[in-house]
Amino acid sequence: MSTNLSLFTASALGGATALILALVIARRRASNSGSLPYPPGPKPLPVIGNVLHISLTEPWLAYTAWKKIYGDLIRVRLMGQEFVIINSEKTARALLDHRSAIYSDRPVLSTRKFFGIEWLTVLLHYGAELRSHRKLFHHALQAESSIGQREIYLHRARSLLASLLHDPEGFEAHIRSFVAAIIMGITYGYEVQPENDPYVSAVLELNGILTKGLTPEKSAILLAFPFLARIPTWFPGASFQREALHSRQLAQRVLNAPFEFTKSQIEAGIAPQSLVFDCLTQMDEDNHEDQEFAIKATAATVFIAGFETSTSLLHGFILAMILYPRVQAKAQAEIDTVVDSTRLPTFEDRPSLPYVEAILREILRWMPSLPLAVPHATSDDDVFEGYFIPKGACVTLNLWAINRDEEKYTDPDEFRPERHFAPDGSLLSDLISDNVAFGLGRRICPGRFAAESILWAGIVSILATLRIEKAQGIDGHDINVKKQFTTGFSIRCLPFRCAVVGRSAQKEKLVREYLDS
Ligand code: HEM
């Protein structure tokens with residue numbers, strides 16, 4: 001909130017800029033729209049557009065409320081930037097998938113450079129650099145690679161069980177370590193330290209800043225008032241600038257430090273296989289410098305993009321298990337019929353566990369870690385169902401609204417895995433890797449296969465061996481928990497407490513035996 005205030009205080013100084021901007025916008029609109037209307041939406045005010053109509057930290061709430069008034073495709077204007085909000089999966093697929101030639105760019109995020117992450121794949125414009133990154137991702141994260149990495153996921157999941165049994169109160173940190181160990185292992189061949197790992201701490205801190213500062217809505221303000229980026233960090237109220245400076249320093253650390261670690265391991269001949277190892281040892285003869293930078297940026301993106309989203313969903317899973325003990329018990333009963341008491345679950349059991357599968361789908365729906373996904377941008381003018389969508393528009397996939405579509409999901413706030421089954425009792429056939437939670441079209445999440453396997457390994461291992469319950473206060477009463485999220489570009493549950501207990505002495509013994517073996 002203080003960021004908003006400092007932004008707006010400074011914004012007030014920008015009258016002259018605003019006037020020039022208004023003229024530019026008016027000229028641009030006159031030349032672009034022809035006679036076709038923009039999609040419907042709340043009437044923008046002169047110059048500032050709809051800035052006062054939304055919350056800059058939770059814009060999806062207004063976008064979702066407007067769905068009832070304006071429908072599946074909404075036009076919003078924030079300062080000089082045109083936004084098109086997509087509120088239904090059908091319209092999202094029609095535009096982002098079927099017209100991907102036009103809808104695969106990213107908006108001009110002025111905050112990209114300001115926060116020092118202009119190299120982040122997620123934010124690259126559509127072009128040669130992005131294609132080179134996506135080629136590297138494809139090589140390391142395609143569905144087949146994820147199958148090969150399943151043993152690592154299960155091994156890490158079983159270590160997570162031991163940490164949860166040993167220190168239930170620290171469950172948030174243990175889940176973060178679980179995800180970090182997998183991602184740092186497959187990306188850099190690096191073994192994370194159990195506590196205060198320097199690379200993990202840097203990413204955590206960087207993600208914290210980016211989550212608050214990187215929304216396209218804030219970027220639109222910075223784009224309209226570029227002088228804000230040049231206010232010195234010592235200026236009163238310049239907290240935004242100070243955070244950005246810190247972000248630039250952290251981003252350099254995240255980009256370089258683990259990469260240099262792997263390089264030195266390769267030079268010493270002791271590097272295990274990893275994304276960076278494979279890519280560096282398979283480089284072409286030419287342009288070593290450019291190739292190395294692409295590998296470095298791709299690897300750092302894996303950590304930034306994969307870490308926050310996956311941990312957020314697993315925290316959401318723990319919350320759901322406390323709030324819905326019936327679901328937990330039903331999943332455990334299913335697992336017990338498939339996995340006998342002499343072993344722990346493996347990926348071979350997955351097809352026999354449809355209810356666990358439905359829980360995974362329901363987590364992706366109930367807990368949208370990226371409520372507005374990652375914005376796309378149009379690289380050309382377009383016309384859709386009679387509405388004009390200009391080149392350069394920021395096209396926002398409102399997952400918050402899509403996941404709460406009451407026509408598809410009755411009582412959408414309820415966590416109900418049963419909604420993913422057909423009336424005949426069979427699991428619906430949609431693939432998790434096609435889930436709209438991973439975005440659409442040419443920018444679809446390249447980490448979705450890895451993410452799916454990481455989440456499944458964590459969820460099934462916890463359900464098979466542990467019971468998640470409400471924690472008890474010192475008075476012996478249960479501590480109630482609520483579904484409440486943080487705000488920003490990506491969201492997670494607000495901190496809550498829980499108790500974790502082994503489901504039986506035999507199951508605890510299985511975990512210990514596995515880790516001792
Ligand atoms: C369950 C966890 C995850 C969710 C919900 C998620 C979701 C998303 C979404 C919505 C996008 C934007 C897609 C679009 O623009 O249409 C995206 C992009 C991306 N994700 Fe994920 N993701 C997850 C995990 C991961 C993991 C584990 C990795 C890496 C291993 C990863 C790497 C990326 C990258 C590199 C992009 C940018 C692609 C581009 O801009 O071309 N994600 N993700």
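What follows is a conversation about a predicted model of a protein with a bound ligand.

Reader: Before we go into detail, how many helices and strands does the protein have?

Author: The secondary structure of this predicted model comes to 19 helices and eight strands. Buried residues make up 54% of the 517 residues in the protein, and among the contacts with a separation of 6 or more, 76% are between residues 24 or more positions apart.

Reader: Let's start at the ligand, then. What is the protein donor of the iron atom?

Author: The only protein donor of the ligand's iron atom is Cys445, whose SG atom is at 2.3 Å. Cys445 is found in a loop, with α17 (399-402) on one side of that loop and α18 (448-465) on the other.

Reader: And how many residues surround the ligand, and which are the closest?

Author: There are 29 residues around the ligand, and the closest of them are Arg106, Arg134, His376, Arg443 and Cys445.

Reader: What is the distance from an oxygen atom of the ligand to an N or O atom in the side chain of Arg106? And to one in the side chain of Arg134?

Author: For Arg106, an N or O atom of the side chain is 2.8 Å from an oxygen atom of the ligand, and for Arg134 the corresponding distance is 2.6 Å. The backbone takes part as well, since a polar backbone atom of Leu440 is 3.1 Å from an oxygen atom of the ligand.

Reader: Switching to the sheet: what is the order of its strands?

Author: Four strands form an open sheet in the order β1-β2-β6-β3, and the pairing is mixed. β1 (73-78) and β3 (376-377) each have a single partner strand and stand at the edges, so one side of each is left without a neighbour in the sheet.

Reader: Which helices pack on it?

Author: One of them is helix α3 (residues 59-70), which touches β1 and β2 and whose direction makes about 125 degrees with that of β1. Helix α4 (residues 89-97) packs on the sheet too, touching β1, β2, β3 and β6, and its direction makes about 125 degrees with that of β2.

Reader: You said mixed, so in which sense do β2 and β6 pair? And how do β1 and β2 run?

Author: Strand β2 (residues 81-86) pairs with strand β6 (residues 394-397) in the parallel sense, over four bridges, and within that pair Ile85 stands opposite Thr396. β1 and β2, on the other hand, run antiparallel and are joined by six bridges, with Val76 standing opposite Phe83 in β2.

Reader: What sits between β1 and β2?

Author: The two strands form a hairpin with two residues between them, and Met79 in the turn has a positive phi of about 50 degrees.

Reader: How many of the residues in β1 are buried?

Author: Six of the six residues of β1 are buried. Both of its faces are covered, with Leu73, Arg75 and Arg77 buried on one side and Ile74, Val76 and Leu78 buried on the other.

Reader: Take Leu73 in that strand; why does it count as buried, and what does it touch?

Author: Leu73 has 7% relative accessibility, and because the cut-off for buried is under 20%, it counts as buried. Leaving out residues up to four places away in sequence, Leu73 touches Pro39, Pro40, Val84, Ile85, Ile86, Thr91, Leu95, Phe384 and Ile389.

Reader: A different topic: where is Arg365, and is it buried or exposed?

Author: Arg365 is in helix α16 (residues 354-366), and at 3% relative accessibility it counts as buried.

Reader: Which backbone oxygens does its side chain reach?

Author: The side chain of Arg365 reaches the backbone oxygen of Asn403 at 2.8 Å, and a polar atom of that side chain also lies 2.8 Å from the backbone oxygen of Pro412. Setting aside neighbours within four places in sequence, Arg365 is in contact with Asn403, Arg404, Tyr409, Pro412, Glu414 and Arg419.

Reader: Last one: which residues does Ala464 contact?

Author: Ala464 lies in helix α18 and is buried, with a relative accessible area of 5%. Apart from neighbours within four places in sequence, Ala464 is in contact with Ile335, Pro345, Arg503 and Lys507. Of these, Arg503 is 39 residues from Ala464 along the chain, and their C-alpha atoms are separated by 8.0 Å.

Notes. Residues are numbered from 1 along each chain as its sequence is written. This is a predicted model: local features need pLDDT of at least 70, side-chain atom pairs count only at pLDDT 80 or more; totals for chains, interfaces and linings use all residues. Side-chain values use heavy atoms; hydrogens and water are left out. Two strands pair if DSSP finds at least two bridges between them. Contact means heavy atoms within 4.5 Å. Axes are lines fitted to C-alpha atoms, for helices over the stretch in contact, and angles run from 0 to 180 degrees between N-to-C directions. Donors are N, O and S atoms within 2.8 Å of the metal (3.2 Å for Na, K and Ca); water is not among the atoms, so sites may look incomplete. A residue is near a molecule or strand if one of its heavy atoms lies within 4 Å of it. A polar contact is a pair of N or O atoms within 3.5 Å; within protein, one must be able to donate a hydrogen and the other to accept it, and residues adjacent in sequence count only if both atoms are side-chain atoms. Buried means under 20% relative accessible area, exposed over 50%, partly exposed in between (1.4 Å probe, protein chains only).
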